[in-house]
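Biologist: I've got a fold on my screen and would like to talk it through with you. Could you bring it up so we can go over it together?

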Amino acid sequence: EELIKNHPDCKAVFLDIMNEGALKELIRGHDIVISMIPAVLQGHLAKPCLDEKKNLVTSSYTKPEMRALEKEVEEAGLLFLNECGLDPGIDHMTAKKVIDEAI
């Protein structure tokens, strides 16, 4: 909450990404999911995005579990776009800077 400083277009939430029910509920209320979580956790995010028919953009490398969903993603008419970051960690530092400047 301190990070968003009561910005009207932001909402701070605490979420255990391993809680699929809570994750799906959060995903359901949005048009697109933009993920900055570590690649090792992307599989836990991808399937709920597919189930809820939401596009997904990540900064992480494409892991095998993401590749395994490619056919289902395509058949659902969705876009799962991975590896949209810069190495090593520049994407996260830049995102933090943009967030800080916007708030």
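Biologist: Let's start with a side chain: is Arg28 buried, partly exposed or exposed?
Modeller: Keep in mind that this is a predicted model. The relative accessibility of Arg28 comes to 46%. Buried needs under 20% and exposed needs over 50%, so Arg28 counts as partly exposed.

Biologist: Which residue forms a salt bridge with Arg28?
Modeller: Look for a carboxyl oxygen within 4 Å of the Arg nitrogen. For Arg28, the closest N and O atoms of the pair are 3.0 Å apart. The two residues sit 24 apart and link distant parts of the chain, with Arg28 in helix H1 and its partner in the loop between helix H2 and strand S2. That partner is Glu52.

Biologist: And Glu52 itself, buried or exposed?
Modeller: Its relative accessible area is 17%. The cut-off for buried is under 20%, so Glu52 is buried.

Biologist: What about Glu70 and Arg67: how far apart are their closest N and O atoms?
Modeller: Glu70 is partly exposed, at a relative accessible area of 44%. Arg67 is partly exposed too, at 49%. The two form a salt bridge, and their closest N and O atoms are 3.3 Å apart.

Biologist: Which helix holds both Glu75 and Lys71?
Modeller: These two form a salt bridge, with the closest N and O atoms 3.9 Å apart. Glu75 is exposed at 61%, and Lys71 is exposed at 59%. They're 4 residues apart, about one turn, and the helix holding both is H4.

Biologist: How many salt bridges are there in total?
Modeller: The cut-off is a Lys or Arg side-chain nitrogen within 4 Å of an Asp or Glu carboxyl oxygen. Among the pairs that pass are Glu52 with Arg28 and Glu70 with Arg67. The full count is 8.

Biologist: On to the sheet: what is the order of its strands?
Modeller: It's an open sheet of 3 strands with parallel pairing. S1 and S3 are the edge strands, each pairing on one side only. The order is S1-S2-S3.

Biologist: How many bridges join S1 to S2?
Modeller: Ile34 stands opposite Val57 in S2, and Ile32 has Asn55 in S2 as its bridge partner. S1 and S2 run parallel, and the number of bridges joining them is 4.

Biologist: What is the handedness of the crossover from S1 to S2?
Modeller: Following the chain from S1, you go through H2 before reaching S2. That path is a β-α-β crossover, and its hand is right-handed.

Biologist: Which residue in S3 is the bridge partner of Val57?
Modeller: S2 and S3 pair in the parallel sense, over 2 bridges. In S3, the partner of Val57 is Leu81.

Biologist: Along S2, which side chains are buried?
Modeller: The side chains alternate between two faces here. Asn55 and Val57 point to one face and are not buried. Pointing to the other face, the buried ones are Leu56 and Thr58.

Biologist: Last one: are H1 and H2 parallel, perpendicular or oblique?
Modeller: Their axes come within 9 Å and cross at roughly 55°. Roughly parallel needs an angle under 35 degrees, and roughly perpendicular takes 65 to 115. The crossing fits neither, so H1 is, relative to H2, oblique.

Methods: Residues numbered from 1 in each chain as written. Predicted model: local features only at pLDDT ≥ 70, side-chain atom pairs only at ≥ 80, totals over all residues. Heavy atoms only, no water. Buried < 20%, exposed > 50% of the residue type's maximum accessible area, 1.4 Å probe, protein only. Pairing = 2+ DSSP bridges. Right-handed = clockwise from strand over helix to strand, strands pointing away. Axes fitted to C-alpha atoms, helices over the stretch in contact; angles between N-to-C directions. Parallel < 35°, antiparallel > 145°, perpendicular 65-115°, else oblique.
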